[in-house]
Amino acid sequence: MSKLNLYGITPRAKYKSYKGVFNGTVDNKLLYKRVDTKRHRTEYIRDFSTTDVNEKWTTDVSEFHIAAGKLYLSPILDMHNREIVSYNISRSPGFVQTTDMLNKAFSKYKNLNHLIFHSDQGWQYQMFQYHNALKERGITQSMSRKGNCLDNSPMENFFGKMKNEMFYGHEFEFKTLEQLQKAMEDYIEYYNNERIQVRLKGLTPCQARNQSLYSF
């Protein structure tokens, strides 16, 4: 790389929403314990597997920083087909952003009984209003263990794809936050409806959802 003058892209520091525990954390429902009696060892296995859409969702917040300022993306990702179910782009990561994201998702899918909704231990996911919004719809809340980003790797993988494909190396092309927001919105539209995935057998996330919904 040095001889060819090639340089790797270095991501900016990740936005961290963790502000401490406010008696609002819950267990990781996507984690199960496996005891190896022969080796006398206990392992914790993450289970992101699904059989249909709207079984397991995940969310997080990611920061996009350019010279003009910062934007924060708060999406919901369906672990079954990796679709972005809903999202909010805001100039500040407040609870209004989280509420708007939830309302958009709930307006699309009325029956979400038995859904597991995963997140990290960010302050917004510890709030009573957030707990209550999920509980009212029969949704089971799940949280990553403290300081363990691998517990939410499906969401982290999406952020990595998005930033590598439309943001890193292009930061100085966006002169305004409005330009950046338009590019983010266009990417999510492209990702859901045009970007095929090997794990979906060559389908886009929306094609995979439609196939799942009309397979019965």
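Is asparagine 152 buried or exposed? In the predicted model described here, asparagine 152 is buried, because its relative accessible area is 2%, which falls under the 20% that marks the limit for a buried residue. This residue is found in the loop between strand 8 and helix 3. Leaving aside its neighbours within four places in sequence, asparagine 152 makes contact with Thr58, Thr59 and Asp60, with His118, Ser119 and Asp120, and with Ser144. A further position, glycine 69, is separated from asparagine 152 by 83 residues in sequence, and the distance between their C-alpha atoms is 27 Å.

The overall architecture of the protein was considered next. The secondary structure comprises five helices and eight strands, and from the N terminus on these elements follow the order β-β-β-β-β-β-α-β-α-β-α-α-α. For a chain of 216 residues, a compact globule would have a radius of gyration near 17 Å, and the value of 18 Å found for the protein therefore agrees with that expectation. The C-alpha trace spans about 50 × 45 × 40 Å along its principal axes. Of the 216 residues, 47% count as buried. When contacts between residues at least 6 apart in sequence are considered, 62% of them join residues that are at least 24 apart.

The surface and the charges of the protein can be described in similar terms. The accessible surface comes to about 12300 Å², and 52% of this area belongs to carbon and sulfur atoms. There are 31 positive and 23 negative side chains, and the centres of these two sets lie 6 Å apart.

Helix 5, which covers residues 205-213, offers an example of how a helix is placed against the rest of the chain. Its buried residues are Pro205, Cys206, Ala208, Arg209 and Ser212. Seen down the axis of helix 5, these buried residues fall within an arc of 160°, so they line one face of the helix. The elements against which the buried residues of helix 5 pack are strand 5 (69-78), strand 6 (84-90) and helix 4 (177-193).

The packing of helix 5 may also be followed from the side of strand 6, the element in which valine 85 lies. At 3% relative accessibility, valine 85 counts as buried, because this value is under the 20% cut-off. With neighbours within four places in sequence left aside, the residues in contact with valine 85 are Trp57, Ile76, Asp78, Ala105, Lys108, Tyr109 and Arg209; Arg209 is also one of the buried residues of helix 5. Valine 85 and threonine 58 are 27 residues apart along the chain, and their C-alpha atoms are separated by 9.9 Å.

Several loop residues were then examined, beginning with those that have an unusual sign of the backbone angle phi. Most residues other than glycine have a negative phi. Arginine 82, in contrast, has a positive phi near 60° although it is a residue other than glycine, and it is located in the loop between strand 5 and strand 6. With a relative accessibility of 15%, arginine 82 counts as buried. Lysine 201 likewise has a positive phi of about 60° and is not a glycine, and its place is in the loop between helix 4 and helix 5. Lysine 201, however, counts as exposed, because its relative accessibility is 81%.

Two other loop positions complete the description. Tyrosine 168 lies in the loop between helix 3 (153-166) and helix 4, and at 10% relative accessibility it counts as buried. Although tyrosine 168 and phenylalanine 64 are 104 residues apart along the chain, their C-alpha atoms are separated by 9.7 Å. Arginine 145 is found in the loop between strand 8 (140-143) and helix 3, the loop in which asparagine 152 is also found. Arginine 145 counts as partly exposed, because its relative accessibility is 32%, a value in between the limits of 20% and 50%. Not counting residues up to four places away in sequence, arginine 145 touches Asn28, Leu31, Tyr44, Arg46, Gln121 and Asp151. The C-alpha atoms of arginine 145 and leucine 112 are separated by 24 Å, and these two residues are 33 residues apart along the chain.

Conventions: Residues are numbered from 1 along each chain as its sequence is written. This is a predicted model: local features need pLDDT of at least 70, side-chain atom pairs count only at pLDDT 80 or more; totals for chains, interfaces and linings use all residues. Side-chain values use heavy atoms; hydrogens and water are left out. Buried means under 20% relative accessible area, exposed over 50%, partly exposed in between (1.4 Å probe, protein chains only). Helices (H or I, at least four residues) and strands (E, at least two) are DSSP runs, numbered from the N terminus. The arc is that of the directions from the helix axis to the C-beta atoms. Contact means heavy atoms within 4.5 Å. The radius of gyration is taken over C-alpha atoms; the globule rule is 2.2 Å times the number of residues to the power 0.38. Accessible areas come from the Shrake-Rupley method with a 1.4 Å probe; for residues, only the protein chains shown count as cover. Lys and Arg count as positive and Asp and Glu as negative; His and the chain ends are not counted. The place of a charge is taken as NZ of Lys, CZ of Arg, CG of Asp or CD of Glu.
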